[in-house]
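User: I would like to learn how to read the side-chain pairings and the packing of a predicted model. Could we begin with the charged pairs and then work outward to the fold?

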Amino acid sequence: MPEQSYPLDPQQAIAPGGGSGGGTDLAAEEAGRPEQPPGTGQVSGGPLGKPRSLWSDAWHDLRRNPIFIVSALIILFLVFVSLWPGALTTQDPLKADLARSQEGSAPGHPFGFDNQGRDVYTRVVYGARASVTVGVCATAGVVILGSVLGGLAGFFAGWWDAILSRTSDIFFAIPVILGGLVFLSVVTNSTVWPVVGFMVLLGWPQIARIARGSVITARQNDYVQAARALGAGNSRILLRHITPNAVAPVIVVGTIALGTYIALEATLSYLGVGLRPPTVSWGIDISAASNQIRNAPHMLLWPAGALSVTVLAFIMLGDAVRDALDPKLR
């Protein structure tokens, strides 16, 4: 009997179009195999790639968004300046030399001097601390208070929801600037905390309404009904199932509002009812320089520029976070 030879390559064992339909079966198998999307197929026999969650998907988009990168770098720099202003200047922001009043740029004093002969550069650096502190603390207070009240109202509804809605309507009817003039004019404390308390007092209804609507939407989903059918209590449903899926709009609005609160603090300080001397604030310096804009424009230019860049950075950050967390914008 002649010796049989076997092909070394298994693919050679199937001739195109021949032998019990071998080629046809292989083509049908290849055609029926679903095409794997990039990055999710099997690699060296490994398992399929795990799908990303909302937060990991948002972080994936944020890392590739140049607006987010630029705004985040500016904000990180502002936080660094607020915590360690001595790293950028060794001078005292309250030290005055009337002999150099309204003097322009000089060696060691790149931004010049103000009316009282204080170094403008040093005051701009130290002014970041008050503005960032007010913005961060006010935003944290507004988000926490508004989220708790709005989330409970949206979850339990009934009389709790009715009371919250009528109370928020009362606060919405109060003009912010007018309310600040009335509320802060009777406060003698020159620290940032009265300003923060005023912003939290008038700012929580907006976050509360957003949290309420988001919780109502999440409460109607099937996974919440399934958890309730399995015997989960209200606290577990609210913390484990509703909160993670309803917090995204609150984060977006809170991030954008942070820049608004910084601008509001500068406005109230400009009007004389916000932060008061000896506290160093951009709003105080802008107010003092407004009457000397023709004689010494540098007194107004630098604190106003720092305020504008700070507010713009937080607004850009909020827009980038909104684009990453809102599925409708994908």
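User: What joins the side chains of arginine 100 and glutamate 103?

Analyst: A salt bridge is counted when a side-chain nitrogen of Lys or Arg lies within 4 Å of a carboxyl oxygen of Asp or Glu. In this predicted model, arginine 100 and glutamate 103 meet that rule with an N to O distance of 3.0 Å. Burial is read from relative accessible area, where under 20% is buried, over 50% is exposed and anything in between is partly exposed (1.4 Å probe, protein chains only). Arginine 100 has a relative accessible area of 25% and is therefore partly exposed, and glutamate 103, with 29%, is partly exposed as well.

User: Is the salt bridge between arginine 118 and aspartate 114 made of buried or exposed residues?

Analyst: Arginine 118 and aspartate 114 are both buried, and their side chains meet at 2.9 Å, N to O. Aspartate 323 and arginine 322 form another salt bridge, with 3.4 Å between the closest N and O atoms; here aspartate 323 is partly exposed at 32% relative accessibility, and arginine 322 is partly exposed with a relative accessible area of 34%. The rule gives eight salt bridges, and a network of them links Arg166, Asp169 and Arg209.

User: Which two quantities describe a pair of aromatic rings?

Analyst: An aromatic pair is described by the distance of the ring centres and the angle of the planes. Rings of Phe, Tyr and Trp (its six-membered ring) pair if their centres lie within 6.5 Å, and planes under 30 degrees apart are called stacked, those over 60 edge-to-face and the rest tilted. The whole structure contains eight aromatic pairs. In one of them, the rings of phenylalanine 111 and tyrosine 121 have centres 5.3 Å apart and planes at 75 degrees, so the pair is edge-to-face. Because phenylalanine 111 lies in the loop between helix 3 and helix 4 while tyrosine 121 lies in helix 4, the pair ties together parts that are 10 residues apart in sequence. Phenylalanine 111 counts as buried at 16% relative accessibility, whereas tyrosine 121 counts as partly exposed at 22%.

Phenylalanine 183 and phenylalanine 198 give a stacked pair, with 5.8 Å centre to centre and 25 degrees between the planes. This pair links distant parts of the chain, 15 residues apart, with phenylalanine 183 in helix 6 (residues 176-184) and phenylalanine 198 in helix 7 (residues 193-219). Phenylalanine 183 is partly exposed, with a relative accessible area of 35%, but phenylalanine 198 is buried, with 2%. Ring pairs also link Phe111, Tyr121 and Trp302 into a cluster.

User: How many residues does the largest nonpolar core have?

Analyst: In soluble globular proteins, nonpolar side chains tend to be buried together. A nonpolar core is defined here as a set of buried Ala, Val, Leu, Ile, Met, Phe, Trp, Tyr and Cys residues joined through side-chain atoms within 4.5 Å. The largest one has 32 residues, and Phe68, Val124, Ile262, Trp282, Leu307 and Leu325 are those with the most contacts inside it. Helix 12 (298-325) is among the helices that each supply at least two residues, and helix 12 gives the most, with 12 residues. A second, separate core of 28 residues includes Ala130, Leu184, Met199 and Leu264.

User: How should I read the helices, and which has the lowest mean pLDDT?

Analyst: Helices (H or I, at least four residues) and strands (E, at least two) are DSSP runs numbered from the N terminus, and the protein has 12 helices and zero strands. Helix 4 (residues 120-156), with 37 residues, reaches 53 Å from its first C-alpha to its last, close to the 54 Å expected at 1.5 Å a residue, where the expected span is 1.5 Å times one less than the number of residues. The pLDDT is the predictor's confidence in each residue, from 0 to 100; the protein averages 81, and 82% of the residues score at least 70. Helix 1 (residues 22-32) has the lowest mean, 42, and helix 3 (residues 66-83) the highest, 93. Over residues 1-48 the pLDDT is below 50, and beyond near neighbours in sequence this stretch has 15 contacts (heavy atoms within 4.5 Å) in the model.

User: Which conventions lie behind these values?

Analyst: Residues are numbered from 1 along each chain as its sequence is written, and side-chain values use heavy atoms, with hydrogens and water left out. As this is a predicted model, local features need pLDDT of at least 70 and side-chain atom pairs count only at pLDDT 80 or more, while totals for chains, interfaces and linings use all residues.
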